[in-house]
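Here are some short exercises to work through with the model open beside you. Try each task before you read its solution.

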Amino acid sequence: MSDTEWSNLSTEDRRFPPPPELVAEANVTAETYARAAEDPDAFWAEQARRISWGTEPTESLDWSNPPFAKWFADGTLNAAYNCLDRHVEAGLGDRVAFHFEGEPGDSRALTYAELTREVCRAANALTALGVRAGDRVAIYLPMVPEAVVAMLACARIGAPHVVVFGGFSADALSTRILDCGVEVVITADGGYRRGSASALKPAVDAALEKCPDVRSVLVVQRTGQETAMTEGRDIWWHDALAAESDQHTPEMFPAEHPLYVMYTSGSTGKPKGILHTTGGYLVGTSYTQWATFDLKADRDVFWTAADIGWVTGHSYLVYGPLSNATTSVMYEGTPDTPHQGRWWEIVEKYRVSILYCAPTAIRTFMKWGADIPARHDLSSLRVLGSVGEPINPEAYVWYRENIGGGRTPVVDTWWQTETGMHMITPMPALSVGKPGAAMTPFPGVSIDVVDDEANPVANGHAGLLVITKPWPSMLRTLWGDDQRYVDTYWSRFEGLYFAGDGAKRDADGDIWLLGRVDDVMNVSGHRMSTTEIESSLVSHPKVAEAAVVGATDETTGQAIVAFVILREDAEAGDDIVAELRAHVAKDIGPIARPRSIMVVPELPKTRSGKIMRRLLRDIAENRALGDVTTLTDSSVMDLIKDKLPSAPTED
């Protein structure tokens, strides 16, 4: 990671101390860090006592077979019991678990008691369909409470859930169903998106043409649109639940029992099935939600503005908040439907006190103007969070000033689908905030920045971000592929987890993230594989070859830029770019649609045939070209530059 990449951050000198009222009631203090550093295993054993166990564990970490960790392995527990029943038993049944706000304006509140009853009915319904502990269940739903109910019902009976983002295509869904051996799918007729009903069930029907082992499909009725139902396979969710009791006794499972599999893009075309188990994951998400956001569950209203199909929704909309008896907001729609003040309307309506969202959203709000949030009473906010990608300093300050009223700390959290929980973050009642910096490893987490030889870099220098010790909510493996797990995360450095990100330590030793160092792009906080998108482009009959890079984008963080070579017999036509963009969106999902596509005569390749994406990234970002000496033909770059349009080709 070069000093040039660091220069725009190294001059950032604004500082924001924590407000006195947070300091007075701080959940995390300097003593917390000292205790965690002194004995991490004992520290995590202490945090494990925050949740309820069927059998109390007697050990924390088992690292006898690295890199395959076990945490609290001799303990037993049930994740759904920890998120629901124990709060009802403690007299909190009437506390609101979720304020649901639908995009059309419909709303409902679910208390912990009501949510428990619904989860029990759903657990009984799944059991009636023959789902047993260890069976995988796919969930392909919009942002509705039934998604939470479905996840917790699976957890209750020990059936690992596989949540697939509702924006993914039928092919993406079928790939995940087949890889994970799913036999039951939970979906909906549709959901609301930008003012209209968007169908989901047809994508499931198309996906299942390739998935003959799926025997049952539960369908939530959300939009009421006409929906084809396959006799003997498809069942309406409300009918299935109505037939069942609202009582269910949860079984206690070993701490290492699989909780869920979540698929994320990899540096090869095949998505990776990240496996999270129950005990360590729940301890990690529960404690980090309480600590990072300085949670006061008896009075906070917490809003993680992330889709349930991503890990942020799993960890900080479902398992973390519910395990802490938090009252959360769940919103179905987009920030600009029906107007650009929709989020701030919701914050005002529910008196949200903690907001957690992506820099992409913040930059979009900046573009719309500060006058929009200024129309709403946002005085209830006391902590702001950022997730998904490094937040640039100007967005951080705008967020703090215009959403937080100049008084709220901003916690810039770094973590991954693989880590399951926050790994680097400032603490709102302890840290002096630095715009753009993730700052400090979480208590009990061991992070370093190293050079190519795994030597720690000095303050003021950049390198590669690594995790040096196991942590409770770490992924256990990749579903069905232990070797790929080892190769992907543990092969770069002996005994170190390589996160795939570059980072720098500043003069104080605080950490600043510098983005991905591989060919996985971060688009609006979503990791997208260049290989997967290239494969989609080449599957089009007019395309012979393709290369995809991520280019800096002020709104989405990174944008997808594609370079394609057409087949000789293909007629480009005026609409070829629109045709190819639509093809990728249909093939993978709208999130993968390239911002721009450039038709070129050749691609820059090394003598071994490797495409030099670094040079294409230089062109996409309008930079001076780097070293071209390794190219087979350096004149290729001149040919591409001659083809460069004056502006990106986009909608």
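**Exercise 1. A residue in a loop**

Find the loop that holds His540, decide whether the residue is buried or exposed, and list its contacts.

*Solution.* Step one: His540 sits in the loop that runs between α18 (530–538) and β28. Keep in mind that you are looking at a predicted model. Step two: the relative accessible area of His540 is 6%. Buried means under 20%, so His540 counts as buried. Step three: leaving out residues up to four places away in sequence, His540 touches Arg567, Glu579, Leu580 and His583. Step four: the UniProt record, an unreviewed entry, lists His540 under "binding site", together with Val538 and Val543.

**Exercise 2. Two residues of one strand**

Place Val543 and Ala547 in their strand, and work out what surrounds each of them.

*Solution.* Start with Val543, which belongs to strand β28. Its relative accessible area is 0%, so it is buried. Beyond four places in sequence, Val543 touches Leu537, Val538, Val564, Ile565, Leu566, Arg567 and Leu580. Among these contacts of Val543 are Arg567 and Leu580, and both also appear among the contacts of His540.

Now move along to Ala547, also in β28, which covers residues 543–553. Ala547 is buried too, with a relative accessible area of 0%. With residues up to four places away in sequence left out, Ala547 touches Glu534, Val561, Ala562, Phe563, Leu603, Ile611 and Leu616.

**Exercise 3. From the strand to a helix**

How far apart are Ala547 and Leu616 in sequence and in space, and which helix holds Leu616?

*Solution.* In sequence, 69 residues separate Ala547 from Leu616, while their C-alpha atoms lie 8.4 Å apart in space. Leu616 is part of helix α20 (residues 613–620), where it is buried along with Arg613, Leu615, Asp618 and Ile619. Follow the chain out of the helix and you come to Asn622, just after α20, with a positive phi of about 60°.

**Exercise 4. The faces of a helix**

Identify the buried residues of helix α3 and explain why they line one face.

*Solution.* First, pick out the buried residues of α3 (residues 30–38): Thr32, Tyr33 and Ala36. Next, look down the axis of α3: these buried residues fall within an arc of 95°, so they line one face of the helix. Then turn to the face directed away from the buried side, where you find the exposed residues Ala30 and Glu38. Finally, ask what the buried residues pack against: α4 (40–48) and α12 (278–292).

**Exercise 5. A helix pair**

Describe how α3 and α4 are arranged, and name the residues that meet.

*Solution.* The axes of α3 and α4 are 5 Å apart, and the helices pack at an angle of about 120°. The two helices are therefore oblique to each other. On the α3 side, Thr32, Arg35, Ala36, Ala37 and Glu38 take part; they meet Pro40, Phe43, Glu46 and Gln47 of α4. For context, the unreviewed UniProt entry places "domain: Acetyl-coenzyme A synthetase N-terminal" at residues 30–83. That span is 43% helix and 20% strand, and its end C-alpha atoms are 29 Å apart.

**Exercise 6. Backbone checks**

Locate two cis peptide bonds and two non-glycine residues with positive phi.

*Solution.* One cis bond runs from Pro66 to Pro67, with omega near 5°; Pro67 is in the loop between β1 (61–65) and β2 (68–71). Another joins Thr337 and Pro338, with omega about 5°, and Pro338 lies in the loop between β17 (327–331) and α14 (342–350).

For phi, Arg194 takes a positive value of about 55° in the loop between β9 (190–193) and β10 (196–199). Asp294 has a positive phi of about 50°, and its loop connects α12 with β16 (301–304). Asp294 is buried, at a relative accessible area of 2%.

**Exercise 7. Confidence**

Which stretches have pLDDT under 50, and how should they be read?

*Solution.* Begin with the chain: its mean pLDDT is 90, and 92% of its residues reach 70 or more. pLDDT stays under 50 over residues 1–10, which have 13 contacts beyond four places in sequence. It also stays under 50 over residues 628–632, which have 18 such contacts. Where pLDDT is low, predicted coordinates should not be read in detail.

Notes
Residues numbered from 1 in each chain as written. Predicted model: local features only at pLDDT ≥ 70, side-chain atom pairs only at ≥ 80, totals over all residues. Heavy atoms only, no water. UniProt positions renumbered as here; feature names shortened; annotations may be inferred. Helix = DSSP H or I, 4+ residues; strand = E, 2+ residues; numbered from the N terminus. pLDDT = per-residue confidence, 0-100. Contact = heavy atoms within 4.5 Å. Buried < 20%, exposed > 50% of the residue type's maximum accessible area, 1.4 Å probe, protein only. Arc of directions from axis to C-beta. Axes fitted to C-alpha atoms, helices over the stretch in contact; angles between N-to-C directions. Parallel < 35°, antiparallel > 145°, perpendicular 65-115°, else oblique.
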